[in-house]
Amino acid sequence: MSPSLLLLLLLLLYCFPFSLAAAAGDHSDSFVFEFHRRPALPGLDLARQLLLDDKLRQRTIRARLEHARHRRRACGVPHAPAPAPAPTSFDMPLNSGAYAGAGQYFVRFQLGTPAQRFELVADTGSDLTWAKCRRRGDDAKSVSGRAFLPAESSSFRPILCSSDMCRNSLPFSLTTCPTPASPCAYDYGYSDGSAAHGIFANESATVILSDGRRRKLRGLVVGCTSSAVGSSFRASDGVLGLGYSDISFAYRAGGHFAYCMVDHLSPRNATGFLAFGPAPAPPPPTAGRRWRETAISLDVEPFYGVGVRGISVDGEMLPIPASVWDLAAGGGAILDSGTSLTVLAEPAYRAVVEALTRRLAWAPRVRVEPFEHCYNWSTGAPAVLPRMAVHLEGTARLAPPSKSYVIDVAEGVKCLGIVAAPWPSFSTIGNILQQEHLWEFDVANRRLRFRRSTCRKRR
């Protein structure tokens, strides 16, 4: 084969990998997962762990975004096609209840036939859904805790090396295929040294519809992770991939999903939800709970990008260069359920921190490693704290409560819950800034709606 022909073939595979949508199962009804949290660490230890995890995660996200930028420059468009729209369906009853915990949010998920139950990280920054897995012949200590047993599932089908999907290379580093009949394997590395090794498979998941009926979603692409090491997996059984990709769970569920995350320090009797399927008709707007809408950018798959016009504090737009929000200039912003704190590119971080610290000058400063700006809150606080707002494309404005960016880290101590990223870099709106809002993703129409919510029901 000539070098020019080989180069052309590689470019085609890079830009147009095999679509897995044809294997999609039926998804004609709506269904719901409840968000739960693992038990929390003590206050300050928890806050430090959140910051450490977020810094490590940002390096992984940065690498994937750089890959997406290269793909966009080479190919012009993201490769995932629009998901098949889910037909209109009935309203869903949403249950309430939560567990206190750390960093990410978890969903209870049922995989296989008969169903095996797991707790997975609900992650808009990942497209592969995977669970810790123990196949016949695996070392019993290869994965810790609960593990999926494929030998006990009649619907488990390994994806072979001879398949178009494996040959065309998903966005994972595939291991060597000894023979065409061998299972298609992956090695997925994380920036903190964590790694997941396993095989791709088709499998079914069981969901509970709003009328109480159980339903199978068949032909999902999942990862059977037989070896998982590192801190990324210490608290969960795996990951529920909600990112933009034709293998993600969100895509296979029709591309329309919503979530509402309770306060990250909520007690056990609070819960949020993750819902799939068309939303009910919105109720009339009420004070402080009006729907806001903006565009979703799908140019940074598997992430969901949002256009940012600027950030204000107490109504004052801050002097942040427009390039900070420009993907083509090395900036841009994403909405990420797997990152806790909000990460701002350095020019935006400096402007926001300067505005907030100036207005918090009344509070005594305290040193709390590794946070940069912390305050002794035991002396009391004014009735009104600085009001920060993120102005999105169009007229949408995210105005979270102050507890979402001036966060509790210990008894009587608060810190700015904002982290700097070196410029040039993207910015990340983390789950603490998103908490107590209902977020609806309409991927087919590239629209995002959100409003303040108690997370008790989807309306």
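A cavity, as the word is used here, is a set of grid points where a 1.4 Å probe fits but cannot get out, and its lining residues have an atom within 4 Å of a point. Keep in mind that this is a predicted model.

**The largest cavity**

The largest cavity has 13 lining residues, with Ile-311, Thr-342, Leu-344, Val-390 and Ile-429 nearest its centre. Strands β15 (308-313), β18 (342-345), β21 (388-392) and β26 (427-429) are the elements that each give two or more residues to this lining. By type, the lining holds 10 nonpolar and 3 polar residues, and no charged ones. The space inside comes to about 70 Å³, and the model has 5 cavities of 30 Å³ or more.

**Disulfides**

The count of disulfides is 4, and the table shows three of them, including their S to S distances.

| Pair | S to S distance | Apart in sequence |
|---|---|---|
| Cys-133 and Cys-224 | 1.8 Å | 91 residues |
| Cys-260 and Cys-455 | 2.1 Å | 195 residues |
| Cys-374 and Cys-415 | 1.9 Å | 41 residues |

The torsion about the S-S bond of Cys-133 and Cys-224 is about -70°, so this disulfide is left-handed. The link of Cys-260 and Cys-455 is left-handed too, with -75°. For Cys-374 and Cys-415 the torsion is about 105°, so that disulfide is right-handed. Cys-374 sits in strand β20 (residues 374-376) and Cys-415 in strand β24 (residues 413-416); Cys-374 is buried at 0% relative accessible area, and Cys-415 is buried at 0% as well.

**Confidence**

The average pLDDT is 79, and 73% of the residues score at least 70. Over residues 3-30 the pLDDT is below 50, and residues 35-42 are also below 50. Where pLDDT is low, the predicted coordinates should not be read in detail.

Definitions and conventions:
Residues are numbered from 1 along each chain as its sequence is written. This is a predicted model: local features need pLDDT of at least 70, side-chain atom pairs count only at pLDDT 80 or more; totals for chains, interfaces and linings use all residues. Side-chain values use heavy atoms; hydrogens and water are left out. On a 1 Å grid over the protein atoms alone, a cavity is a set of points where a 1.4 Å probe fits but cannot get out, and a pocket is an open set with protein on both sides within 12 Å along at least five of seven lines; lining residues have an atom within 4 Å of a point. Grid points are joined across faces, edges and corners, and a volume is the space filled by probe spheres set on the points. Helices (H or I, at least four residues) and strands (E, at least two) are DSSP runs, numbered from the N terminus. Ala, Val, Leu, Ile, Met, Phe, Trp, Tyr, Cys and Pro count as nonpolar, Asp, Glu, Lys and Arg as charged, and the others, Gly among them, as polar. pLDDT is the predictor's confidence in each residue, from 0 to 100. Contact means heavy atoms within 4.5 Å. A disulfide is a pair of cysteine sulfur atoms within 2.5 Å. Buried means under 20% relative accessible area, exposed over 50%, partly exposed in between (1.4 Å probe, protein chains only).
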